[in-house]
Every structure is written in structure tokens, then in C-alpha cells.
Amino acid sequence: MAANQPPVALELQRDNLDRFELESWSLRSYGLSLIGRDGYHGDIRVLAPDLVKVDILPEGEEAFNTPGVLKTDWDTPEFDIEESDDNILISTSSLVISVQIEPFGINLYDTDMNLISGSHPNGMGYERFPFQDWTRSVVPFGSQEKNDSQEMVDIRRLRPFVFRESDDTEHIYGLGMHASPQDLKPIDSVGQWNSDAYGYQFEPEAYLYASNPFHIGLKDIETDDGIEHKAYAMYLDNTYRVEHRLGREQNDDSSYHFFSYGGNLSLYIMFGPEIPTIVERFTELTGRIELPPVWALGLQQSHWTYPSSEVILEVARRYREAEIPLDAMHTDIDYFGPGFRVFTFNESYKNPEIWAAELEEMGVKWVAIVNPGINSEEPLYFVAEEAFERDVLVRTGLGEVYEARVWPDEAVWTDYALEEGREWWAGQFGFMFEAGLDGIWQDMTEPAVFPPTSPENMADFYHTMPMDNVHANIYGEPGPIFHREFHNLYGNFTAISHNRAFEMFLPNTRKFILTRNAFTGIQRYATVWTGDSTSNWEGFRGTFGIHQNMGLSGWTLMGTDFGGFVALPSAELMARWIQGGFAAPYVRDHYDDIEKSVPTPPGPEFPGQEMYNFPEWVQEVARQYIGLRYRLLPYLYSEVYKASQTGWLIQQPLTFQFQDDPDTHKITYQYMFGECIMVAPVVQQGERFKYVYFPSGTQWVDWYTDEIIDGGQRMLVDAPRDFLPLYVKRNCIIPSRELQQYTGQRPLRNLQLDVYLGADSADRAEYEFYLDDQNTFDYRDGEFDLTGFVADRTRRGNIIFTREEIEDGFDDPIERYTLVFHHVMRRPRRVQVSSSPSADITEVDSLDCLEDNTFFYDSCANLLYVQVGRDFEEVFVRV
């Protein structure tokens with residue numbers, strides 16, 4: 001079960017709700033200005049044709065954006081205002097917002113006036129929330145002066161809330177990191193409070209490591225054309241603890257509501273009606289990923305308690321011997337100096353420049369963990385001494401430096417809200433980068449705090465900092481902000497500091513920063529992994545909904561540790577985890593200290609969770625599916641590029657592409673790997689089959705047999721323990737390359753393009769392939785290639801395949817293309833390449849004889865192989 005959960009949420013008290021009541025409004029260039037009763041006021045801002053921001057504020061408060069929001073300079077689109085006795089209509093080219101006057105409410109319509117999301121009678125506003133809390137006279141931030149004045153008093157804090165109408169057809173997705181099904185609507189409570197949830201499994205209501213108060217609603221809408229499935233989204237821009245109540249237990253009907261423990265009611269409302277459109281708009285608002293170094297897309301290996309650098313090197317060698325591809329080794333806290341002193345190395349890991357160079361010779365990168373808790377035991381070591389001298393540490397509400405226990409028995413924490421703190425911390429990495437560091441793994445940034453050693457101090461301890469700790473004011477206003485407001489942001493600001501470290505020491509090298517702790521917008525700074533899941537089938541099943549909803553929340557680069565972290569996976573579970581997770585954006589094998597995590601440890605003979613330590617059949621599964629990931633790197637890298645431009649998901653719920661098929665709306669244990677490949681993993685122990693649903697609107701092709709399957713049906717398929725059902729969406733082109741043991745082993749000389757073109761006339765398959773140097777930021781200056789490939793079926797059944805240079809700014813190493821046309825049902829009568837000059841292509845007798853401007857037809861598999869030079873423009877196949 002998930003550990004270290006926050007106190008039980010205090011539900012809204014309906015008798016204390018101050019519902020916003022509209023007294024007057026006025027037209028503004030951006031939308032509407034609202035005046036309410038009791039000093040409340042607000043605005044409705046039209047930011048884009050499909051995006052509106054609603055601010056409802058108490059007297060004296062002004063609207064602002066949290067650091068989760070990146071874009072604030074929107075060009076207001078054209079909109080119309082129409083007023084009646086009951087409402088005010090704001091119309092754009094994409095949506096209509098109906099502002100209900102009495103009772104006040106915000107209703108979202110499409111342009112045909114179909115209601116998409118309706119206001120509930122409880123409306124929106126603030127709850128006057130009575131509770132007891134310590135109040136202290138906070139001294140000026142940075143002062144060393146103590147103030148011991150404290151008094152227990154009753155406080156009334158305002159908690160913003162929003163109620164929305166719903167119905168039984170609605171599905172809700174997103175909301176960051178939760179071990180849940182894809183559809184969150186049946187779940188009663190979903191909370192947003194970053195927690196060190198060690199050992200979580202499939203626990204939909206558990207608080208995990210990351211928060212994102214953004215949800216997508218998908219509803220059945222009755223239109224003149226019948227039932228349509230339309231999506232909208234809402235983002236509560238609020239960094240306090242947020243609670244969503246989605247199920248019937250907390251609602252007297254099929255409505256839902258959400259509320260925060262403080263802050264302002266700032267609500268972004270988006271309309272699709274397609275989910276990809278919403279994700280594109282939301283990531284425009286909150287930011288998109290930067291292209292990672294290509295090695296970060298390869299397999300990474302880690303373990304808490306690798307005892308020495310010699311073991312790190314041996315693990316890398318064993319992967320090479322087993323011929324399981326590997327790109328990075330991680331060093332966990334085992335390398336820290338005595339007392340878990342961050343930025344120091346113990347004797348077992350001394351001279352990192354030597355062993356990091358040996359890793360580099362094997363093509364293996366080095367990623368090192370860092371924790372924010374700095375050992376503060378006397379005498380202070382150099383990092384702690386500098387931190388105190390520079391005054392860059394988190395303080396209590398009384399102005400004292402906050403000290404508590406984490407890995408060190410006595411620790412202090414950098415205040416990453418303070419720019420000087422971020423700069424100072426970033427500067428500590430110089431010697432590590434000089435020694436060969438390639439990536440930063442930040443951990444414990446919830447921030448996690450260990451229990452005090454004295455039992456009498458355990459009361460009201462919830463494994464993080466006190467809520468009245470203070471941080472620098474990230475909004476540039478006088479005075480500090482309290483931890484209750486900054487808690488969910490601590491990991492994001494840590495990642496900002498780690499980005500700064502790369503900028504200082506490796507300015508033209510792409511950054512790899514790994515975090516489990518996140519808030520909205522983390523995709524701009526880091527890859528997110530899902531923390532310390534349990535190595536059992538429940539833990540495995542929990543990964544699929546997590547990944548799908550994290551992707552829909554804008555966190556494109558994410559993943560879960562193969563096999564789970566806590567305890568030990570069986571051989572079968574490890575095999576299924578590799579199969580089910582091989583196509584995640586981020587892949588790593590990472591496991592716990594065995595002595596701690598297993599009730600009856602297997603003893604010193606336990607060889608470890610590395611893939612080569614499992615039985616041969618599991619190793620073969622790893623070679624097959626990790627190898628497949630490496631062969632598909634041209635495809636994966638192009639999908640990552642697309643994500644950097646539009647927010648496109650790499651690991652997608654089926655709903656993302658097949659929203660019009662209602663049978664996809666609640667499927668958790670299948671997903672799309674990018675545009676073209678459907679993955680259908682087995683997730684139950686002992687099962688040797690899989691019920692696979694094939695979305696309607698297209699045909700599907702079996703990855704292994706090329707069997708064509710019509711969409712809109714469910715089939716029972718065989719899935720022995722070493723087999724993963726995989727399918728290709730028809731009318732796709734998939735780029736791939738030869739197998740490598742690490743991503744930079746060989747230049748890409750021969751790009752293979754598998755063409756799955758439909759048989760009907762006018763069928764078309766197309767793909768945009770992206771390539772750059774995969775390591776630097778030179779692509780920002782236009783040094784990249786974007787190539788469009790298109791395959792068309794003519795009326796007579798022939799095939800025309802074309803290549804177009806959309807962008808040609810990179811001197812790529814490609815020398816030739818191997819085109820593989822699937823479902824060519826008879827030997828072609830002619831194959832012609834159009835280049836300079838045009839020429840017929842010669843047939844050869846075997847695939848081994850294939851060379852430039854030749855083709856081979858496999859009549860048994862109905863496959864046509866055509867090899868052409870890099871400058872070809874068109875290939876014509878007459879069948």
C-alpha cells in the first residue's frame with residue numbers, strides 16, 4: 001500500500017459556501033469584467049477561440065498565473081457578446097460561453113448550442129473554512145532573528161470550489177499521476193498533493209508523487225446528426241492541495257466538484273471537441289517538452305545499493321554480454337560520502353572520472369542521483385557551510401533554518417524558490433560534469449521528510465515539511481510564501497535549478513533530468529518517472545492508467561521502472577512488464593534494497609533484478625522487445641519531435657486517436673505507441689491469451705503475421721508468456737533501422753520504411769520523419785531534416801511512393817532507403833525509381849542480394865522490398 005499519505009481531506013462544508021453572485025458586468029477588450037456581492041469580483045478572458053480563463057477573486061485580490069502556466073501573452077480573438085435577461089453569451093469561432101446571471105454559472109456550448117459542460121446549482125466561489133492552525137509573526141525573509149511568539153487560534157481560510165453538472169455518459173481523464181484506470185469518473189476521490197508514496201500499487205485514491213489539477217471530460221452529446229463524443233477540459237491554476245470529487249459518494253447526483261485548500265479561483269476552460277486539440281492547446285498554455293538526447297530514449301539500469309563503481313561497470317558489461325541493449329547506468333545514494341553528504345563520493349565510488357570514462361567506452365551514459373536534504377551535522381561539510389553562509393535554505397515560520405531528518409539524521413533544505421538558491425545549487429555540479437556526468441536524477445523532492453526519532457514528535461507528522469515553513473516569494477511580492485502553497489512546486493523548481501546546471505557547464509548539450517515529483521509544466525524541465533511502485537501484478541496493472549493520464553496531462557516524457565521497485569518480480573511478471581512497457585517514452589530497470597523491501601530476503605545468492613539475471617526465456621523476451629524498441633528508434637524519435645511541437649502523446653490511450661469509437665473510452669490495458677502501433681499486453685498472472693479490441697474506423701495488421709483485421713471488434717488472441725500482441729494501424733508508414741546495443745553505436749546509414757497501404761483506390765499512407773544530431777541544440781538554429789513520405793494507391797491498384805524534403809538543414813548520414821511494401825498480393829510487373837535520371841529497378845533472387853536500385857518480392861509473405869539511394873524522389877510499383 002502507498003506509504004506517507006497526507007492527512008484525510010476535509011470535505012467542503014456546504015453550509016459555508018460563498019457562491020459567487022453576479023451584481024453587474026461590463027464589456028472589456030478581453031471579455032467581461034464581473035462585480036459580485038460581498039466584495040467578490042472577477043474576469044472572463046477570451047484567450048483563444050477554444051480557450052477561456054475565468055477568475056473569481058475575493059476583495060483585494062488580483063488575478064495571476066502560477067508557474068504551471070508558461071504562455072500569458074495571448075492575442076484576443078474575435079468574439080461576440082449577446083445579453084438577455086438570463087444570461088450573457090460570449091461567442092467565438094469555436095465555442096459559446098453562457099454566463100448564467102441568477103444563479104451565477106458558466107456553461108460551455110459548441111457553436112451549434114449543444115451543451116458540453118454545464119454549471120451546477122452550487123456554482124463556484126469560496127468556502128469559508130474554519131480550522132485551527134499555528135499562527136506566527138513571520139520575521140522578514142532571510143533574517144537570522146528568532147520570533148518565539150506563537151498562539152493557537154481559530155482561522156478562517158478561503159477555499160475556492162467549482163461544481164459542475166455531469167451525466168452517466170461522461171468520462172474524465174488526466175489529473176496527473178494516479179494508479180488508476182484510464183477513466184477516473186467512477187473514482188470517488190482524486191487528490192493533488194505530492195507524497196512520497198513508497199510501495200503503491202493499483203490504488204486510484206492514493207496520493208502519489210505528482211500533481212496536475214487538469215482534467216478532460218468526454219461526453220455523449222445529442223446533436224442533429226446523432227450521438228457525438230465531444231471533449232472539453234478544465235485547469236484549476238492553483239498550487240495548493242486540490243481535491244476532485246468525481247464519484248457519487250461525495251455528490252448527490254452525477255455531478256462532480258473540486259476545491260483547493262487555499263489560493264485563488266483561476267479556471268481555464270478549453271473545448272476540443274477532439275482530445276488531441278485540447279492537449280495541443282493545454283501544452284501551448286503550460287509548455288512542451290524539449291527534445292531529449294537520444295540516449296535518454298534507450299534502456300537505463302539502476303539499483304538502490306549497488307555497493308561500488310566496480311559493480312556498476314560489471315552490470316554494464318553483463319548487459320553487453322547478454323546482448324540486451326543498454327544506454328545508461330544510474331548511481332543511487334550509495335555513492336554519497338559518509339552521512340549521505342550530497343555532492344561527495346565515498347571510497348567505493350572514488351575517482352568518478354575514471355569509471356565514468358570506462359562506462360563511456362562501452363557506450364553507457366552516467367546518471368547520478370541528488371537529494372535536496374543537505375547533511376547539517378557538526379562540523380559542517382563544505383556544501384552545508386556554503387548554504388548557511390549564502391542564506392539559501394528553507395526556514396520555519398519563526399525565521400529559523402528548518403532542520404529535520406531525511407537520509408542524513410540532521411538535514412537542511414535548499415530553498416529553490418530563491419533564485420540565488422537555484423544558482424548556488426546548480427553551481428555544485430561543476431566537478432561532476434567534468435568527471436563525465438551525463439544526467440541528473442532528482443529524488444525526494446516532494447519534499448520527503450523522515451519521521452522524527454522521538455515518538456512524542458510524531459503527532460501531526462505527514463512525511464513532509466510543516467505547512468508554515470517559508471520560501472522566497474516566487475511572484476516577486478514582499479514577504480515569503482508558505483510551504484502549503486509551494487509544496488507541490490518544490491520539484492519543479494528543483495528541476496529548474498538542474499536545467500541551470502546544464503546551462504552552466506554543458507551549454508550545448510541536451511539535458512536529461514529525471515524526477516518523480518512534479519506539478520503542471522514539469523514537461524518543460526524534466527522526464528517524470530512514477531516512483532516506487534510495488535513488484536506485483538497490481539503494481540504492474542497500475543502503470544497503464546498512470547501513463548495514459550500523465551500523457552493527457554501534458555507530461556509526454558514519462559515511464560515506470562520495469563519489474564517495479566519494491567520487492568521482487570517473478571520471471572513471468574518481469575517478462576510481461578518488459579512487454580507491456582517497452583514502448584513507454586522512458587524505460588528503466590530499477591529496484592530496491594532487497595534486505596529492506598522483501599519480508600524474507602532470498603539471501604546473498606540473489607543475483608539482482610537486472611534483465612540478464614532472469615531465466616533464459618525472460619532474457620530472450622528482453623532481447624526481442626527492448627531490441628524492437630531500439631530498431632524503432634527512428635519512429636520513436638520522430639514521435640518525440642512531434643510531441644515537442646504539438647504536445648502529441650507518445651504513449652496514448654486508444655481514446656486519443658479513436659474518440660469517435662465509444663468502446664475505446666474505458667480501455668486501460670491497450671495503448672497506441674505513437675501514431676501507428678497498438679500494444680495489447682497481458683496483465684493477469686498465468687494468462688496465455690488476450691482479449692484485444694480493434695478500434696473502428698480503420699483496419700489493423702498483425703505485427704508478426706501481416707493478417708488484416710477489421711476494426712470495431714474484439715478478438716481473443718493467443719499470448720504465450722514470451723509473446724506480446726502488437727498491431728499496426730493500416731495506412732501507416734513506420735521508419736526503423738538495424739539493431740544497436742546502444743543508441744550511438746553506428747550512424748544511421750540505411751533507413752527502412754515499412755509501408756502498410758490499404759488496398760482500396762485512393763488509400764494513402766504518410767509519415768513525417770525527423771532527424772538531427774540527437775545530442776545538441778543545433779536544431780534550434782535549423783540544423784535538422786524533416787522528410788515527408790507518402791504512399792498512394794491508384795485506381796488501378798498501383799503504388800506511388802514519394803519523398804519530399806520539408807526541411808533540409810542537417811547533413812544526415814543516410815545513404816539508402818529500404819522500402820518494404822506489405823500486402824503486395826502478386827509479383828509486380830514493373831518497379832521504377834524517379835531520381836536523376838529515372839530508371840527501372842532490377843529484380844534480385846533473394847533478400848541477401850538487395851542493393852541500390854534493386855527489388856526482391858517474397859511471394860510467401862506478400863512483401864515487396866525495394867532499395868533506393870538517398871536522393872530518390874519517387875518509386876512507382878505497377879502490380
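R816 comes out as partly exposed in this predicted model, because its relative accessibility is 24%, and the cut-offs put anything between 20% and 50% in that middle class. Its side chain isn't left alone, either: R816 and D852 meet in a salt bridge, with 3.4 Å from N to O. R816 belongs to strand β46 (residues 816-822), while D852 sits in the loop between β49 (842-843) and β50 (854-858), so the contact ties together parts that lie 36 residues apart in sequence. D852 is partly exposed too, since its relative accessibility is 35%.

That pair is part of a longer list, as the salt-bridge count comes to 46. Another entry joins E423 to R500, with an N to O distance of 2.6 Å. Here the link reaches between distant parts of the chain: E423 is in helix α5 (residues 419-427) and R500 is in helix α8 (residues 490-505), 77 residues apart. How open are these two side chains to the surroundings? E423 is partly exposed, with a relative accessible area of 31%, and R500 is partly exposed as well, at 30%. The side chains of K350 and E347 also form a salt bridge, at 3.4 Å from N to O. In this case the partners fall into separate classes: K350 has a relative accessible area of 44% and is partly exposed, whereas E347, at 61%, is exposed. Salt bridges can also join up into something bigger than a pair, and D196, D443, E446, R516 and D532 are linked in just such a network.

Not every charge is paired off like this. R795, R796, R826, R829 and R878 gather on the surface as a patch of positive charge. One of them, R795, is found in the loop between β44 (785-793) and β45 (799-808). R795 counts as exposed because its relative accessibility is 82%, and the cut-off for that class is over 50%. The surface has a nonpolar patch too, made by F689, Y691 and L716 and covering about 310 Å². Of these, L716 lies in strand β39 (residues 713-718).

Now for the sheets. Strands of a sheet pair through backbone hydrogen bonds, and they can do that in a parallel or an antiparallel way. The parallel way shows up in an open sheet of nine strands, which run in the order β30-β29-β28-β25-β22-β21-β20-β32-β31. What happens at the edges? β30 (558-559) and β31 (561-562) stand there, and each has a single partner strand, so one side of each is left without a neighbour in the sheet. Further in, β22 (residues 365-370) and β25 (residues 439-442) pair in the parallel sense over four bridges. Along this pairing, I369 stands opposite W441 of β25.

Antiparallel pairing turns up around strand β4 (residues 41-48). This strand is mostly covered, with six of its eight residues buried. β4 pairs with β3 (residues 31-36) in the antiparallel sense over five bridges, and L34 stands opposite G42 of β4. The hairpin of β3 and β4 has four residues between the strands, and D38 there takes a positive phi near 60°. β4 also runs antiparallel to β5 (residues 51-57), joined to it by seven bridges. In that pairing V46 stands opposite V52 of β5, and the hairpin from β4 to β5 passes through two residues.

Strand β47 (residues 830-834) also has partners to look at, but start with its two faces. Which residues are covered, and which are uncovered? V831 and V833 make up the covered face, and R830, Q832 and S834 make up the uncovered one. β47 pairs with β52 (residues 874-878) in the antiparallel sense over five bridges. In this pairing S834, from the uncovered face, has E874 of β52 as its bridge partner. β47 is joined to β48 (residues 839-840) by two bridges, and these strands run antiparallel. Here the bridge partner of Q832 is D840 in β48.

Note on methods. Residues are numbered from 1 along each chain as its sequence is written. This is a predicted model: local features need pLDDT of at least 70, side-chain atom pairs count only at pLDDT 80 or more; totals for chains, interfaces and linings use all residues. Side-chain values use heavy atoms; hydrogens and water are left out. Patches are made of residues with over 30% relative accessible area and no salt bridge: like charges are joined within 9 Å, nonpolar side chains (Val, Leu, Ile, Met, Phe, Trp, Tyr) within 5 Å. Accessible areas come from the Shrake-Rupley method with a 1.4 Å probe; for residues, only the protein chains shown count as cover. A salt bridge is a side-chain nitrogen of Lys or Arg within 4 Å of a carboxyl oxygen of Asp or Glu. Lys and Arg count as positive and Asp and Glu as negative; His and the chain ends are not counted. The place of a charge is taken as NZ of Lys, CZ of Arg, CG of Asp or CD of Glu. Buried means under 20% relative accessible area, exposed over 50%, partly exposed in between (1.4 Å probe, protein chains only). Two strands pair if DSSP finds at least two bridges between them.
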